[in-house]
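I opened this notebook to keep track of what I looked up, one topic at a time. The entries follow the order in which I went through the structure.

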Amino acid sequence: MIGIPYHPKYHENLERTGNGEHQPCIVCGRGIKSEACHMVHVHRGGTHLVTEEEAAVLDGASDLGLYPIGPCCLRRHPEIKPYTRAAQIREEAMRIMRERRDAAEQGRQ
Ligand SMILES: [Zn+2]
């Protein structure tokens, strides 16, 4: 688990460029133009990044799912690299998350 190093102007960037046709970067809030951006798993209500293994044992209520991160922010924060997944496997990850959530819910009943 790692804290998200939010850009000091995140909200400013988000308002200016993140609401258009491009998805906003989770770190800086700027719209990501690259098609091949990476995805990160945001947890603890939006303060931390987790691996899928960590997400599986954490409280699902604070799980926000996958968000994109821009290539510039990834270069600036190499410590985030182990937490990224290629955009191509995004769908696969969401399917696994849904299955885990369903399994956890069934386990509680
Ligand atoms: Zn960024």
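**Entry 1: elements and overall form.** Before counting anything, I noted that helices, of at least four residues, and strands, of at least two, are DSSP runs that are numbered from the N terminus. I then looked up the tally for the protein chain, which comes to four helices and five strands. Reading from the N terminus on, I wrote the order of these elements down as β-α-β-β-α-β-α-β-α. The radius of gyration of the protein chain is 14 Å, close to the 13 Å that the globule rule gives for 109 residues, so I recorded the chain as being as compact as a globular protein of that length. Along the principal axes, I found that the C-alpha atoms fill a box of roughly 45 × 25 × 25 Å.

**Entry 2: confidence.** I reminded myself that this is a predicted model, and I looked up how confident the predictor is in it. The protein chain has an average pLDDT of 87, and 91% of the residues score at least 70. Which element has the lowest mean pLDDT? I found that it is strand 5 (residues 84-86), with a mean of 76, while strand 1 (residues 2-3) has the highest, 96. I added a caution for myself that predicted coordinates should not be read in detail where pLDDT is low.

**Entry 3: the interior.** Of the 109 residues of the protein chain, 22% count as buried. I also checked the contacts with a separation of 6 or more, and 55% of these are accounted for by residues 24 or more positions apart. The largest nonpolar core has 15 residues, and those with the most contacts inside it are Cys25, Ile26, Val27, Val40, Leu49 and Ile69. Strand 2 gives the most to this core, with three residues. I followed Ile69 further and, leaving out residues up to four places away in sequence, found that its contacts include Cys25, Ile26, Val27, Val40, Leu74 and Ile80.

**Entry 4: strand 2.** Is strand 2 largely enclosed or left open by the rest of the structure? I found that six of its six residues are buried, so strand 2 is largely enclosed by the rest of the structure. His38, Val40 and Val42 point one way from the strand, whereas Met39, His41 and His43 point the other way, and all are buried.

Next I looked up the partners of this strand. Strand 2 pairs with strand 4 (residues 65-69) in the antiparallel sense over five bridges, and within that pairing Val42 has Gly65 as its bridge partner. Strand 2 is also joined to strand 3 by three bridges, again running antiparallel, and here His41 stands opposite Val50.

**Entry 5: the turn at Arg44.** Strand 2 and strand 3 form a hairpin with four residues between them. Arg44 is found in the loop between strand 2 (38-43) and strand 3 (48-50), and I noted that its phi is near 55°, a positive value in a residue other than glycine. I set beside this the general point that most residues other than glycine have a negative phi. Arg44 has 16 C-beta neighbours inside 10 Å, and therefore counts as partly exposed.

**Entry 6: residues looked up one by one.** How many C-beta neighbours inside 10 Å does Gly29 have? I found 22, and because 20 or more are needed for a residue to be buried, Gly29 counts as buried. Gly29 lies in the loop between helix 1 (10-18) and strand 2, and although Gly29 and His7 are 22 residues apart along the chain, their C-alpha atoms are separated by 7.8 Å.

Asp59, in the loop between helix 2 (52-57) and strand 4, has 11 C-beta neighbours inside 10 Å and counts as exposed. I found Asp59 and Met94 to be 17 Å apart in space, C-alpha to C-alpha, and 35 residues apart in sequence.

Pro71 is placed in helix 3 (residues 71-76) and, with 14 C-beta neighbours inside 10 Å, counts as partly exposed. Leaving aside neighbours within four places in sequence, Pro71 is in contact with Ser34 and Cys37. Pro71 and Asp59 are 12 residues apart in sequence, and their C-alpha atoms are 29 Å apart in space.

My last look was at Arg16, which is in helix 1 and is partly exposed, with 13 other C-beta atoms within 10 Å. The C-alpha atoms of Arg16 and Ile80, which are 64 residues apart along the chain, are separated by 25 Å.

Note on methods
Residues numbered from 1 in each chain as written. Predicted model: local features only at pLDDT ≥ 70, side-chain atom pairs only at ≥ 80, totals over all residues. Buried ≥ 20, exposed ≤ 12 C-beta atoms within 10 Å, placed from the backbone. Contact = placed C-beta atoms within 7 Å. pLDDT = per-residue confidence, 0-100. Rg over C-alpha atoms; globule rule 2.2 N^0.38 Å. Core = buried A, V, L, I, M, F, W, Y, C linked by C-beta atoms within 7 Å. Pairing = 2+ DSSP bridges.
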